[in-house]
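Please examine the structure shown below. The report that follows describes selected strands, helices and internal spaces.

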Amino acid sequence: MKPPKIHAPRWLPGGHAQTIWPKLFSRLQHPEHPPVFSRERWDTPDGDFVDCDWLREPAHGGNGPLLVLFHGLEGSSASHYSQAFASHARKLGWAFAIPHFRGCSGELNRGPRAYHSGDFTEIGWMLAQCQARHPGPMVAVGVSLGGNALLRWAQESGADAAHTVRAVVAVSAPLDLAAAGDAIHQGLNRHIYTRYFLRSMVPKALRKLQQHPGLFDEAAMRRAQSLRDFDNVFTAPVHGFRDAADYYARCSAGPHLDALRVPSLVLNARNDPFVPAQSLPHRVSAGRPVTLWQPAHGGHVGFPSGRWPGTVLDLPHSVCTWLAPHLG
């Protein structure tokens with residue numbers, strides 16, 4: 001399917017504006033009332049829990065399509081993109097589910113582990129829970145970190161992925177984690193995005209240390225000034241990686257796009273502030289089931305459109321238009 005043309009509003013120029021504006025103001029742009037989710041708590045095999053928010057539609061008697069969304073770093077069902085996808089799924093009459101990565105549903109999880117960009121085993125388990133609860137066909141979208149993790153699951157699953165989902169989409173995924181980690185710590189990015197993420201990640205990690213004394217070096221965590229620092233202190237060692245470099249190398253989805261055997265859309269704006277355009281894949285490196293959309297504008301999980309004050313509903317519309325033929 002040929003990618004649609006994605007144009008940013010003239011009144012909102014640049015990758016930073018197209019990233020920040022939707023997050024701050026898009027909740028006001030719902031065409032209807034915001035979605036109201038019902039929450040399920042799933043017990044995990046390792047004695048922890050995952051919270052999944054559902055929006056079930058009776059239009060197809062429970063047998064219609066299900067869109068599963070995997071959120072980004074420190075995201076949730078309250079994130080602007082989650083709300084937008086839920087609104088569009090409701091409009092289409094699709095059921096919608098957003099399983100929260102551990103610690104992201106508003107309550108700290110019990111176990112020592114959290115989540116990371118290559119958490120494909122967790123993605124597979126979450127998809128299996130959704131499949132067990134919904135008899136209709138299922139598609140999955142991953143946003144940013146969730147997009148990379150979803151692609152890694154599809155890559156590891158190979159042809160078996162098609163037994164679970166009809167198609168997958170990764171939106172603004174950092175396909176080269178090392179390149180993204182470097183970019184987010186440079187210039188203006190360091191002052192805007194790094195500070196924003198660490199403001200929630202570091203306190204959450206310190207609460208995790210209270211749960212599990214000795215889990216990591218508290219002094220090193222308090223000194224963390226970048227996501228790479230955080231990953232060296234917490235993400236990598238807690239999840240079985242040698243260090244941040246090892247984590248980034250083993251979990252980046254970009255080098256393995258040719259392993260995908262399920263229809264896959266990989267959407268990245270070329271002006272994304274912390275997913276450098278030069279790190280994005282080329283058509284020659286992607287497998288036959290992969291569609292690459294790389295519009296010039298859109299920022300990071302922004303893709304605003306329309307007259308001021310704009311809307312972010314074009315993103316789920318474009319993505320679901322691509323997904324719909326695979327549900328036939």
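## Strand E6 and its neighbours

In this predicted model, strand E6 is covered on both faces. Val168 and Ala170 are buried on one side, and Val169 and Val171 are buried on the other. In a regular strand, side chains alternate between the two faces of the sheet.

Strand E6 spans residues 168-171, while strand E5 spans 138-143 and strand E7 spans 264-267. E6 pairs with E5 in the parallel sense over four bridges, and Val168 of E6 is the bridge partner of Ala140. E6 also pairs with E7, again in the parallel sense and over four bridges; here Val169 has Leu265 of E7 as its bridge partner. Helix H4, made of residues 145-157, joins E5 and E6 in a right-handed β-α-β unit.

## Helix H10

Is helix H10 mostly covered or mostly uncovered? This helix, residues 314-323, is mostly covered, with seven of its 10 residues buried. The buried residues are Leu315, Pro316, Ser318, Val319, Cys320, Trp322 and Leu323.

Several elements contribute to this cover. They include the strands E3 (66-70), E5, E6, E7 and E8 (290-293), together with helix H2 (80-92). Strand E6, described above with both faces covered, is thus among the elements that cover the buried residues of H10.

## Ser82 in helix H2

Helix H2 also contains Ser82. Why does Ser82 count as buried? Its relative accessibility is 0%, and a residue counts as buried because its relative accessible area is under 20%.

Leaving aside residues up to four places away in sequence, Ser82 touches Leu69, Ser76, Ser77, Phe96 and Ile98.

## Cavities

How many cavities of 30 Å³ or more does a search of the whole structure find? The search finds three. The largest cavity holds about 490 Å³ of space. Its lining consists of 33 residues, and Leu73, Leu145, Met201, Leu227 and Asp231 are the ones nearest its centre. Four helices each give two or more residues to this lining: H5 (177-183), H6 (187-211), H8 (227-238) and H9 (244-251).

By class, the lining of the largest cavity comprises 19 nonpolar, nine polar and five charged residues.

## Pockets

The largest pocket has a volume of about 460 Å³. It is lined by 23 residues, with Lys23, Leu73, His80, Tyr196 and Phe197 lying nearest its centre. Helix H1 (15-25), H2 and H6 each give two or more residues to this lining. The lining residues divide into 12 nonpolar, eight polar and three charged. Leu73 is listed nearest the centre of the largest pocket and also nearest the centre of the largest cavity.

The second largest pocket contains about 210 Å³ of space. Among its 16 lining residues, Gly118, Asp119, Phe120, Thr121 and Glu122 lie nearest the centre. Which helix gives the most to the lining of the second largest pocket? Helix H3 does, with four residues. H3 covers residues 120-133, and both H3 and H9 supply at least two residues of the lining. By class, the lining of the second largest pocket has seven charged, five nonpolar and four polar residues.

Technical notes: Residues numbered from 1 in each chain as written. Predicted model: local features only at pLDDT ≥ 70, side-chain atom pairs only at ≥ 80, totals over all residues. Heavy atoms only, no water. Buried < 20%, exposed > 50% of the residue type's maximum accessible area, 1.4 Å probe, protein only. Contact = heavy atoms within 4.5 Å. 1 Å grid on protein atoms, 1.4 Å probe; cavity = no way out; pocket = protein on both sides within 12 Å on 5 of 7 lines; lining within 4 Å. Points joined across faces, edges and corners; volume = space filled by probe spheres on them. Nonpolar A, V, L, I, M, F, W, Y, C, P; charged D, E, K, R; others polar. Pairing = 2+ DSSP bridges. Right-handed = clockwise from strand over helix to strand, strands pointing away.
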